[in-house]
Every structure is written in structure tokens, then in C-alpha cells.
Amino acid sequence: ASAGVTFYYESWKRLRGFAGDGRWELANHTYGLHNNYDDVKGLHPVSALVHLNRGESLSSYETRIGEDLGRMQEMLRANGSKTAAFAYPYGDWGQHARSPGVVDALERTLRTVVRVAFDQDKQAGWRYALPQDDPMHIHRLEVANWTAPQLLERLRTASVQTRTIYRLRGLDVPYRPKLLAAAAARAICPP
């Protein structure tokens, strides 16, 4: 939050209005870790969220990240949000992390703070969330400067991709509890 002077920031007053109108939920986006380290020439920059400080242990990293996320959760609560969601800064969940163990440490910490986390991976293949998706990696759509018809077309495309994954996962197979019980009994007690 800030004075609302740029596209990506808004004042707490306006955010409280959004949180209080019943249509919006504010999500944690870190308190002070929304910047990048472009520290290795030729490699993708990493966000401060997945950057291990020099000499920092994974345990200290988890504590530091947990404190940052907790501080933002408190700010959100104080401003009217009951958030259970997180959005990775720059969509960076550690896919380019420089230190082994950071991804697992971040995920362990996040699971203690939120129920769902959104990344921005695979924008071209963006689809709706489905059962069996990892709740710490739900893809969020980065909406560009689109017209309404362009947005609707993007949503239609996502719908087709979502139906395909739904079928591949076998989620479109109808079942009844009695049929499942009978199949389980046959598997356990063959004729």
C-alpha cells in the first residue's frame, strides 16, 4: 500500500473500502520482500522472498520470512481483511532460487500462514483451478490492458484448457458411492 500514486499501489483507506464491500479479499504479498535481486549475470533475477542472505541458515530464513508474512497478515487484519491467500511477488515461488532448500522452506512457512498461494507461471497456459491442484501453486491470471472481448476470449480459452485437464485427471467420470464400495470390496475380496 502507498499513497495510490502508481498502478500497482493503493492507499490503506481505499483498500479498507475494498475489503469492506464484500466483493474483494485482500491477499498477502509480503510486507517488505517485494523487490528483486539481479545478482548473477546471465541468470534470472530472484525476488527477495526466495533470496537467502549471505550466511543465513534455512532455519533463520524461515523465521525471517515467517515474520514478514505475519506482519503483513496483521496489517491486513487491522484493515478489514480476513485473508487466507498469498500472491508470490513477481510470481517467484523459488523456481530460480540460488540456494537449495529455499523452495521447501518457503512452502513450509507459507502453509502455516495461508491456505492458498497464487503464482503467475504459464500465462499462456493459464487455466482455472481444479481439484488436485497444489494449493500453494494456483496460477493467477495477469490481466493486461485488454478490452472486454479480449478478456472474455482469454477466459473461454482457459475454459477449454481446464476441461481438458479435468478429463485427463479422470474428474469427469461419474460415480455413485455404492459403485465405489462394490469396486473396493471386489478388489479386497476377489471371487
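Here is a walk through a few strands, helices and salt bridges of this structure, which is a predicted model.

Let's start with strand 4, which covers residues 116-119. This strand has two faces: Ala117 and Asp119 sit on the covered one, while Val116 and Phe118 sit on the uncovered one. Now look at its neighbours. Strand 3 (residues 85-87) runs parallel to strand 4, and three bridges join the two. If you want a spot to find that pairing, go to Ala85, whose bridge partner in strand 4 is Val116. To get from strand 3 to strand 4, the chain passes through helix 3 (residues 102-113), and this β-α-β crossover is right-handed.

Strand 4 also pairs with strand 5 (residues 138-139). These two run parallel as well, with two bridges joining them. Here Phe118 is a handy marker: its bridge partner in strand 5 is Ile138.

Next, hop back to helix 1 (residues 12-20), where you'll find Leu15. Is Leu15 buried or exposed? Its relative accessibility is 17%, and anything under 20% is called buried, so Leu15 counts as buried. For a sense of distance, try Leu15 and Asn53: they are 38 residues apart along the chain, and their C-alpha atoms are separated by 32 Å.

Now for the charged side chains. How many salt bridges are there? The count comes to ten, and three of them are worth a visit.

One of them joins Arg23 and Asp21, with 3.1 Å from N to O. Arg23 is exposed, at 68% relative accessible area, and Asp21 is partly exposed, at 33%.

Another joins Arg77 and Glu74, at 2.6 Å from N to O. Both residues belong to helix 2 (residues 58-78), and because they are three residues apart there, about one helical turn separates them. Arg77 is partly exposed, at 46% relative accessibility, and Glu74 is partly exposed too, at 47%.

The last stop takes us back to helix 3. There, the side chain of Arg111 meets that of Asp134 in a salt bridge of 3.2 Å, N to O. Arg111 lies in helix 3 but Asp134 lies in the loop between strand 4 and strand 5, so this pair ties together parts that are 23 residues apart in sequence. Arg111 is partly exposed, with 42% relative accessible area, and so is Asp134, with 30%. This pair has company, too: salt bridges with shared partners join Glu107, Arg111 and Asp134 into one network.

Key
Residues numbered from 1 in each chain as written. Predicted model: local features only at pLDDT ≥ 70, side-chain atom pairs only at ≥ 80, totals over all residues. Heavy atoms only, no water. Buried < 20%, exposed > 50% of the residue type's maximum accessible area, 1.4 Å probe, protein only. Helix = DSSP H or I, 4+ residues; strand = E, 2+ residues; numbered from the N terminus. Pairing = 2+ DSSP bridges. Right-handed = clockwise from strand over helix to strand, strands pointing away. Salt bridge = Lys/Arg side-chain N within 4 Å of Asp/Glu carboxyl O.
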